[in-house]
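Hi,

Here is the structure I promised to pass along. Have a look at it first, and then read on for my notes.

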Amino acid sequence: MSYFQAYHEAKAQLYMDRREAAPESLAACPRCTTPLDDFAPPMQTLFRCEDCHHVDHQCATCILTAHHDRPFDRLWRWSIELGFWEKQTLADVGYVWHVGHGNGGVCEINASPSRPITILHEHGIMELPVKFCQCLGADPEPAQLLKHGCWPATWKTPSTAITLNTMRTYHGLELQGQLNVHDYIAHLRRMTDGVTPDRVKDRYREFNNSMREFRQVRARRRHGVPLDARPRKAELAVLCPACPQPHINMRPGWKDRKPAYRYLDALHYSIDGNFHLGSNAKPTDPDDFALSEGAAYFVSVKDFQTYLKKSPEPEKEVSWIDAQQLLL
């Protein structure tokens, strides 16, 4: 790092300053050469995109045209009054997201005003005006959102949607970094507003429920469960790739190994005792519903309750504390 400090630290800072420098001129758009005075007063300035790789500044018309199919990009607007770049969304520039038509076109049948929908994407939370297709035979609103890569938080009249890439990103972080939903939503809120993230809408409940639905549907698709069928017992469970399975991941002739090497094909079980089972009556949500009841790694609750009713009452174990008191 001393090399960077000696030779590149100041250069990197200069390059970042150039990237965020003020526009050279506010007379006309550098791309379409339209005079900025032709726009309404709030739009008589230039914009740049945080997520696109082009570096030129654009007027409001050009930025909208360039982002016809990129509704979730983050914009910066040069504030003439304050003299710096301020955050904007495409909705602030007048963008309306039309969904339902495959080519992204406008539905001529829908004459109603757009409806604001909260969108959770990889780099923040935003509110976007959306107009759905209302043509004869059009798909329901949730299906139209899914067609455009967004998971609806509700399945009747969605007011919140999450991009599929956001859900895949969280699932990867959940598996690799043990990240929970609360912290991920806090991250998205801070990405949206790093100064006052509490002012950003909290979508913890919607995201948590949607992730459960997303995992369930993906598991069904991966295991080939028919659309109208319930998965069978343990059908959604994944066979452990590390455990030796004959005819799957064991070499032929494993039965003929020499006794000294048979441990290579042995299956080792590990049993861990739960010494706090007496505290298993934890408060849970009585309205909670299991989507994969008995279809993965845990048995069905109903089957387990039937088993408990037929099993004799176990004898009460003497705890370590009770044993110590008896000795005293």
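Below is what turned up, starting with the pocket and moving on to the aromatic residues.

Please keep in mind that this is a predicted model.

**The largest pocket**

The largest pocket holds about 890 Å³ of space. Its lining is made up of 24 residues. If you want to find the pocket on screen, go to Gln 216, Ser 292, Ala 296, Tyr 297 and Phe 298, which lie nearest its centre. Two elements give two or more residues to the lining: helix 7 (204-222) and helix 8 (301-310). Helix 7 supplies the largest share, with six residues. As for chemistry, the lining divides into 12 nonpolar residues, six polar ones and six charged ones.

**Aromatic pairs**

The count of aromatic pairs comes to nine. Two of them are described here.

One is Tyr 184 with Phe 207. Their ring centres are 5.6 Å apart and their planes meet at 40°; an angle from 30 to 60 degrees is neither stacked nor edge-to-face, so this pair is tilted. The two residues link distant parts of the chain, as Tyr 184 belongs to helix 6 (residues 181-192) and Phe 207 to helix 7, 23 residues apart. Are these two buried or exposed? Buried means under 20% relative accessible area. Tyr 184 has 2% relative accessibility, so it counts as buried, and Phe 207, at 0%, is buried as well.

The other is Phe 304 with Tyr 307, a stacked pair with 6.2 Å from centre to centre and 25° between the planes. Both residues lie in helix 8, three residues apart, which is about one turn of the helix. Phe 304 counts as partly exposed because its relative accessibility is 39%. Tyr 307, with a relative accessible area of 52%, is exposed, because the cut-off for that class is over 50%.

**A cluster and a charge over a ring**

Two further items are worth a look while you have the model open. Trp 151, Trp 155 and Phe 214 together form one aromatic cluster. Elsewhere on your list, which ring has the charged end of Arg 48 over it? That ring belongs to Trp 85, and the charged end sits 4.9 Å from the ring's centre.

Happy to go through any of this with you at the screen.

Best wishes

Key: Residues are numbered from 1 along each chain as its sequence is written. This is a predicted model: local features need pLDDT of at least 70, side-chain atom pairs count only at pLDDT 80 or more; totals for chains, interfaces and linings use all residues. Side-chain values use heavy atoms; hydrogens and water are left out. On a 1 Å grid over the protein atoms alone, a cavity is a set of points where a 1.4 Å probe fits but cannot get out, and a pocket is an open set with protein on both sides within 12 Å along at least five of seven lines; lining residues have an atom within 4 Å of a point. Grid points are joined across faces, edges and corners, and a volume is the space filled by probe spheres set on the points. Helices (H or I, at least four residues) and strands (E, at least two) are DSSP runs, numbered from the N terminus. Ala, Val, Leu, Ile, Met, Phe, Trp, Tyr, Cys and Pro count as nonpolar, Asp, Glu, Lys and Arg as charged, and the others, Gly among them, as polar. Rings of Phe, Tyr and Trp (its six-membered ring) pair if their centres lie within 6.5 Å; planes under 30 degrees apart count as stacked, over 60 as edge-to-face and the rest as tilted. Buried means under 20% relative accessible area, exposed over 50%, partly exposed in between (1.4 Å probe, protein chains only). A charge sits over a ring if NZ of Lys or CZ of Arg is within 6 Å of the ring centre and within 35 degrees of the ring normal.
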